[in-house]
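The exercises below go through one protein model, from its surface to its interior and its charged pairs. Try each task on the structure before reading the solution.

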Amino acid sequence: MSDNLGTIVFYCFAAAAGIQTLYYLFFFSRVAFYNRKFEEEHPPEEQLSVVICAKNEERSLPKNLPTVLQQRYHHQQQPSYEVIVVNDNSEDDSKYYLASIEKGYSHYRHIEIKQPAQFIPGKKYPLSIGIKGAQYDTVVLTDADCKPGSIYWLSMMSQGFENGREIVLGYGPYYKRPGFLNKVIRYETYFSALQYLSFAMSGIPYMGVGRNLAYRKELFFRHKGFTAHQNLASGDDDLFVNRAANGGNVGVVINKLAFTYSEPKTRWKYWFAQKTRHMSTGKHYKFGHKLLLGLFSLSHFLFYPALVAALFYPPMLMLTLYILGGKILIQSAITFLALRKLDEKDLFWYSGLMDILMFLYYIIFTPALFFNKGRSKWK
């Protein structure tokens, strides 16, 4: 390798490593060192409306809905929340289950949608119906295939609204199951949360995940709901937050008792389809958010090819190894603490491999940012 080419390669490697390290130190460390304490038996300070959209979920609803209905969120023995399930044109027997439990819970009701909305793909129409029909001024969103991590989920999420917050971001992990695909899905979910939670704590909120998200109804109507992106199947969570959030109106709740757990995909092709649909919304983010996320992704993508090339340039070999060692040390420490904070600490032993595999992740899914129209169905 010529001196000129070797010098260029080394500086590309050093720049990529430096950018990665700065993101870990300035942004991702906020999740790693998050230390807010939440009260489990926190007295309800406001009433909540939980809105769940369901489409052909007759198997998931009996497993997950009871935990939502039995939350420890009461005032004078009366529930301080309601639960609304919007049954969106289900073709299975969901409606019978939803109707059968209505008499058993005074704070529960369901809405049947029997005709699909024209030109509004995904779940934005049923979700809008549920939010508009909500009795209370604060809505908490989750999915029919999600189960709260404890009976204190609502209590903890409600505490995120302190100090005038209008949006609260939670974490929605996937269950631990055998197999490498499960580890990939869980690590990718963790890594996505590491970014959106840490950016929010840095005053740069850019997305949330509908499996565990809450906001004020007034905020929803102020931004005209989902009309800005109603032609897309995805985006009912991340694009709405991207549009409505600012540096001062977003709270973050990180506590495993406030997580909502979902069953992961069990086949690669189904996960690929899901991720492609989700990735298609990224191109609609605000420019500043795309710039910050793009810079990190580009540095991540270039790091390993530049490292391999730099190792073949002897004049800078020792400096390359020093930079590599420093990056690994800082990244590993923050990764370990962040994984522990998000109750995913078993993934630490795979984090080095997963970090390398992110190179393939960008190759596979980045085209979705440019070519996928985001019009696929939400289920």
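**Exercise 1. Find which residues make the nonpolar surface patch, and which elements give two or more residues to it.**

Solution. This is a predicted model.

Step 1. The patch covers about 620 Å² and is made by Phe180, Trp268, Phe272, Leu353, Leu360, Ile363 and Ile364.

Step 2. Two or more residues come from each of helix H9 (268-279) and helix H12 (351-365). H12 has the largest share, with 4 residues.

Step 3. Take Leu360 as one member: this residue sits in helix H12. Its relative accessible area is 44%. Partly exposed covers the range between under 20% (buried) and over 50% (exposed), so Leu360 is classed as partly exposed.

**Exercise 2. Describe the largest cavity: its volume, its lining and the class of the lining residues.**

Solution.

Step 1. A count of cavities of 30 Å³ or more gives 2. The largest has a volume of about 60 Å³.

Step 2. Its lining consists of Val51, Ile52, Cys53, Lys123, Leu127, Leu141, Thr142, Asp143, Gly210, Leu213, Asp236 and Asp237. Strand S1 (48-54) and strand S6 (138-143) are the elements that give two or more residues to this lining.

Step 3. Sorted by class, the lining has 6 nonpolar, 2 polar and 4 charged residues.

**Exercise 3. Do the same for the second largest cavity, and state which helix gives the most to its lining.**

Solution.

Step 1. The second largest cavity holds about 30 Å³ of space.

Step 2. The residues that line it are Ile52, Leu61, Asn64, Leu65, Val68, Asp143, Ala144 and Cys146. Ile52 and Asp143 appear in this lining and also in that of the largest cavity.

Step 3. Helix H2 (residues 60-69) gives the most, with 4 residues. By class, there are 6 nonpolar, 1 polar and 1 charged residues.

**Exercise 4. Examine the salt bridge between Asp236 and Lys123. Are Asp236 and Lys123 buried or exposed?**

Solution.

Step 1. The two side chains meet at 4.0 Å, N to O.

Step 2. The pair is 113 residues apart and links distant parts of the chain. Asp236 is in the loop between helix H7 (217-222) and helix H8 (238-244), while Lys123 is in the loop between strand S5 (108-113) and helix H4 (124-132).

Step 3. Buried means under 20% relative accessible area. Asp236 has 7%, so Asp236 is buried. Lys123 has 9%, so Lys123 is buried.

Step 4. Return to the largest cavity: Lys123 and Asp236 are among its lining residues.

**Exercise 5. Locate the salt bridges of Asp346 with Lys176 and of Glu218 with Arg222, and give the separation in sequence for each pair.**

Solution.

Step 1. A search of the whole structure finds 14 salt bridges.

Step 2. Asp346 and Lys176 meet at 3.5 Å, N to O. Asp346 lies in the loop between helix H11 (317-341) and H12, Lys176 in the loop between S8 and helix H6 (180-201), and the two are 170 residues apart.

Step 3. Asp346 is partly exposed at 28% relative accessibility, and Lys176 is partly exposed at 45%. Both residues belong to a network of salt bridges that links Lys176, Arg186, Glu344 and Asp346.

Step 4. Glu218 and Arg222 meet at 2.6 Å, N to O. Both lie in helix H7, 4 residues apart, about one turn of the helix. Glu218 is partly exposed at 47%, as is Arg222 at 40%.

**Exercise 6. Give the phi values of Asn89 and Asn163, and decide for each whether the residue is buried or exposed.**

Solution.

Step 1. Asn89 has phi near 55°, a positive value in a residue other than glycine. Asn89 is placed in the loop between S4 and H3.

Step 2. Its relative accessible area is 16%, so Asn89 is buried.

Step 3. Asn163 has a positive phi of about 65° and is not a glycine either. Its loop runs between helix H5 (153-159) and strand S8 (167-169).

Step 4. Relative accessibility is 72% here, so Asn163 counts as exposed.

Key
Residues numbered from 1 in each chain as written. Predicted model: local features only at pLDDT ≥ 70, side-chain atom pairs only at ≥ 80, totals over all residues. Heavy atoms only, no water. Patch = residues over 30% accessible without salt bridge, like charges linked within 9 Å, V, L, I, M, F, W, Y side chains within 5 Å. Areas by Shrake-Rupley, 256 points an atom, 1.4 Å probe, with all protein chains shown as cover. Buried < 20%, exposed > 50% of the residue type's maximum accessible area, 1.4 Å probe, protein only. 1 Å grid on protein atoms, 1.4 Å probe; cavity = no way out; pocket = protein on both sides within 12 Å on 5 of 7 lines; lining within 4 Å. Points joined across faces, edges and corners; volume = space filled by probe spheres on them. Nonpolar A, V, L, I, M, F, W, Y, C, P; charged D, E, K, R; others polar.
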